[in-house]
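Trainee: Could you take me closely through one part of this model, the sheet, and show how its strands are arranged and connected?

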Amino acid sequence: DEPLFRDITRSILEKYGYRVLTATDGADGVAIMAQHRSEVALAITDMMMPIMDGTATLRGLRRINPQLRLLATSGIPVPERFQPLGTGERVPFLLKPYSTVRLLEAVHEALASPSVRVLAP
């Protein structure tokens with residue numbers, strides 16, 4: 001995400017006890033995920049990024065870890081049935097700008113959701 005949102009989000013999550021790895025763009029995020037696969041429970045990504053957009057990033061992350069929890073964010077609203085993976089799986093979405101409370105709720109909901117069940121196309 002943009003450096004300001006990325007830094008604020010990291011700071012909030014760390015303040016509330018989460019360990020956070022950050023990436024500068026989607027390609028960097030996929031590379032970091034490949035290195036830390038067993039340590040990452042949730043990936044939060046912006047949908048509008050240079051180099052690799054959010055959809056490509058989510059798909060790359062999902063290939064590395066099919067059980068990874070995902071949370072997408074953007075300043076542009078998306079349809080209620082947001083399905084960027086093309087598998088029928090709905091990805092939770094957080095509209096920017098968001099409050100600390102809304103971020104923490106979204107992270108908690110994403111982490112507490114049942115195991116990921118990828119549906120056949």
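Mentor: Before turning to the sheet, and bearing in mind that this is a predicted model, let us pause at R6, which lies in helix α1, the helix that spans residues 3–15. R6 is buried yet forms no salt bridge, the nearest side chain of opposite charge being that of D7 at 4.3 Å, which is beyond the 4 Å within which a salt bridge is counted. The side chain of R6 does, however, reach the backbone oxygen of A23, at 3.4 Å.

The sheet itself is open and consists of 3 strands in the order β1-β2-β3, with parallel pairing. Its edge strands are β1 and β3 (93–95), each of which pairs on one side only, and neighbouring strands are turned against each other by 25° on average, direction ignored.

Take β1 (residues 42–46) next: because 4 of its 5 residues are buried, this strand is largely enclosed by the rest of the structure, although it stands at an edge of the sheet. Strand β1 pairs with β2 (residues 69–74) in the parallel sense over 5 bridges, and within this pairing D46 has T73 of β2 as its bridge partner. Between these two strands the chain passes through helix α3 (residues 54–64), and the resulting β-α-β crossover is right-handed.

On the other side, β2 and β3 also pair in the parallel sense, here over 3 bridges, and S74 has L95 of β3 as its bridge partner.

Conventions. Residues numbered from 1 in each chain as written. Predicted model: local features only at pLDDT ≥ 70, side-chain atom pairs only at ≥ 80, totals over all residues. Heavy atoms only, no water. Buried < 20%, exposed > 50% of the residue type's maximum accessible area, 1.4 Å probe, protein only. Pairing = 2+ DSSP bridges. Right-handed = clockwise from strand over helix to strand, strands pointing away. Lys, Arg positive; Asp, Glu negative; His and termini not counted. Polar contact = N/O pair within 3.5 Å; in protein donor to acceptor, adjacent residues only side chain to side chain. Axes fitted to C-alpha atoms, helices over the stretch in contact; angles between N-to-C directions.
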